[in-house]
Amino acid sequence: MLQAVTSSQHEAVPEEKTFFTYDTHPDRYAHWSLSFDGPVAKLTLNVNEDRGFVPGYKLKLNSYDLGVDIELADALQRIRFEHPEIRSVVLTSGKDRVFCSGANIFMLGRSAHAWKVNFCKFTNETRNGIEDSSAHSGLKFLAACNGTTAGGGYELALACDEIVLIDDRSSAVSLPEVPLLGVLPGTGGLTRLTDKRKVRRDHADMFCTLVEGVRAPRAMEWGLIDAHAKPQQFADTVKRRALDLAAQSDRPADARGVTLTPLGRAVDSDGYRYQHVDVRIDRNARNATLTVRAPTNRQPDDIAAIVEAGAAWWPLAMARELDDAILLLRSNEPQIGTWHLKTSGDAAQVAAADEALQKHQSHWFVRETIGMLRRTLSRLDVTSRTLYALIEPGSCFAGTLLELCLAADRSYMLALPSDDASAPRITLSPMNFAAYPMVNGMTRIASRFYGDPRPIERARSSVDRALTAEEALELGLVTVAPDDLDWADEIRIAVEERASLSPDALTGMEANLRFGVTETMDTRIFGRLSAWQNWIFIRPNAVGEAGALKTFGSGSKPRFDWGRV
């Protein structure tokens, strides 16, 4: 049997049998507390050092591991959906003289490489979600750094709209990974310094090699923070700036929130089953089939009925289930290298849901639901798995669900020239042209054609029309359209060939191809995560027996191979 482990459970990790989940609830938080004061929420980090996600290390100095970040991601989701009256969020520490010292070094030193990479990716997605909410949902964030702010702790602060550092003559901000650990602040630190805060290159160079970091006055001068205050004025400064940020938001002051009910998930050795999403795992072939189902009944069109449906509203329920499935597969099934993306159901029901999403997109709940869909699809984009979309009879790749096809590395659509009535169709909706930008800032349609307006406009002219395999192929919306005589062999060969290739080479190839010619801060963060962390985290200078991650805290100095590679 698979064993469920959440952020509130602490069994040892038995190599392959432990099953990790990502759901939690404020009643079970061990590290964060959430409070509310008018339009401002406060998220206070007070890490319980004895409640690591797995045994073997203590979370000292407000350092974090995956369990701490799972709680943060959950708290952000609850603020988004359950508290629409909240317009700004203050992230601060419940400990004296330390805000956050970053990812727990002993956890990193003892973790398998794949665990480190997945941990870093989830951490980045959570921080990118903070910036996404600021950009799209009017939810603003302030880091109230009431003590030392180091490494990943400073990266968390960098994800906020503003940073206020206490000026107590000892607290500092720092990215000490290079001098202390022989690794890089490459999961967002360096990128946000340059892309977001525009810190000068020479200042950034000095900053990233200073173990002790930079204190308030110089941090302000270099652009590392937005404000600082003496201890006596710190609380008032934070409150004033949080209210100023709240005043910039258009989130409603008097709306009723939507409770995020627990996911209905059944897990067995063959996969996961939800109401709208099904995951079937074939371990022999090393692939999984993810099927997303259209709603089975007419979705509400009236905004009052949509809000009343709450977490059961199909767009939100489906997005939460798909997001959960992606995370579970990432963490629990590293050998499953190819994901087959399928859909089923009535395209008319998806079209109705899309119409409601578009019609009410300015309403806070619908806007947050679109945000959840956008972030979930983006999580799919940056997952290091081969994605094949399979479009068969009974498929429902329409509108929002067509994004799964557009996200795939390849798409195969069955052509049935002798049985037109049974042949599958795909359908574009206006949602495909604006609602779900990738991390490169472009829609999947625009990214597919590298921004060339001609094929984009040809696709736009086909909105709301059920397209045959021949039409979809001609518009460039699918990769291959075999007929029924060739379908089984072509899919089998494609799947078997993919499974025979190096997963490392495939991860690099897919990551390079998915985002086209446009770069953003987010694409650089994930690109650098893949390149820097995958390389530096396996070098002896970092993780060898005398590497910096292994010797940290032991009293011994690391021994480096001084050759430049």
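The following exercises, each with a worked solution, concern a predicted model of a protein.

**Exercise 1. Overall dimensions**

Determine how the radius of gyration of the protein stands against the value for a compact globule with its number of residues.

Solution. Begin with the chain length: for 565 residues, the rule for a compact globule gives a radius of gyration near 24 Å. Next take the value for the model, which is 24 Å and therefore agrees with that rule. The extent along the principal axes can then be added, since the C-alpha atoms fill a box of roughly 80 × 55 × 50 Å. As for secondary structure, the protein comes to 22 helices and 23 strands.

**Exercise 2. Burial, contacts, surface and charge**

Describe how much of the protein is buried, what share of its contacts joins residues at least 24 apart, and what its exposed area and charges look like.

Solution. Step one concerns burial: 57% of the 565 residues count as buried, the cut-off being a relative accessible area under 20%. Step two turns to the contacts between residues at least 6 apart in sequence, of which 73% join residues at least 24 apart. Step three takes the surface, where the protein exposes about 23,700 Å², with carbon and sulfur atoms supplying 51% of that area. Step four deals with charge: there are 65 positive and 74 negative charges, and the mean positions of these two sets are 7 Å apart.

**Exercise 3. Two covered strands**

For strands E9 and E20, establish how many residues are buried and which strands pair with each of them.

Solution. Start with strand E9, residues 140-145, in which 6 of the 6 residues are buried, so that this strand is largely enclosed by the rest of the structure. In a regular strand the side chains alternate between the two faces of the sheet. Sorting E9 by side places Lys140, Leu142 and Ala144 on one face and Phe141, Ala143 and Cys145 on the other, and both faces are covered. For the neighbours of E9, strand E6 (residues 88-93) is joined to it in parallel by 4 bridges, with Val89 standing opposite Phe141. Strand E11 (residues 162-166) also runs parallel to E9 and is joined to it by 4 bridges, and here Ala143 stands opposite Ile163.

Strand E20, residues 386-391, is treated by the steps just used: 6 of its 6 residues are buried. Thr386, Tyr388 and Leu390 point one way, while Leu387, Ala389 and Ile391 point the other way, and all of these are buried. Strand E19 (residues 338-344) runs parallel to E20 and is joined to it by 4 bridges, one bridge pair being Thr338 with Thr386. E20 also pairs in the parallel sense with strand E22 (residues 410-413) over 4 bridges, where Ala389 stands opposite Ser411.

**Exercise 4. An open sheet**

Work out the strand order of the open sheet formed by 4 strands, and identify its edge strands.

Solution. The order is E7-E10-E12-E13, and the pairing within this open sheet is mixed. At the edges lie strand E7 (97-100) and strand E13 (214-215), each of which pairs on one side only. Moving inward from E7, one finds 3 bridges to strand E10 (residues 147-150), with the two strands running parallel. Within this pair, the bridge partner of Val98 is Thr148.

**Exercise 5. Individual residues**

Decide whether Ser378, Ser461, Asn62 and Arg169 are buried or exposed.

Solution. Ser378 belongs to helix H13 (residues 364-381) and counts as buried because its relative accessibility is 12%. Leaving aside residues up to four places away in sequence, Ser378 touches Pro437, Met438, Val439 and Arg444.

Ser461, in the loop between helix H16 (453-460) and helix H17 (469-474), has a relative accessible area of 60% and is therefore exposed. The C-alpha atom of Ser461 is separated by 9.5 Å from that of Leu428, a residue 33 residues apart from it along the chain.

Asn62 lies in the loop between strand E4 (40-45) and strand E5 (63-64); its phi is near 55°, a positive value in a residue other than glycine. With 0% relative accessibility, Asn62 counts as buried.

Arg169, found in the loop between E11 and strand E12 (172-174), has a positive phi near 70°. Its relative accessible area is 72%, so Arg169 is exposed.

Methods:
Residues are numbered from 1 along each chain as its sequence is written. Side-chain values use heavy atoms; hydrogens and water are left out. Two strands pair if DSSP finds at least two bridges between them. The radius of gyration is taken over C-alpha atoms; the globule rule is 2.2 Å times the number of residues to the power 0.38. Buried means under 20% relative accessible area, exposed over 50%, partly exposed in between (1.4 Å probe, protein chains only). Contact means heavy atoms within 4.5 Å. Accessible areas come from the Shrake-Rupley method with a 1.4 Å probe; for residues, only the protein chains shown count as cover. Lys and Arg count as positive and Asp and Glu as negative; His and the chain ends are not counted. The place of a charge is taken as NZ of Lys, CZ of Arg, CG of Asp or CD of Glu.
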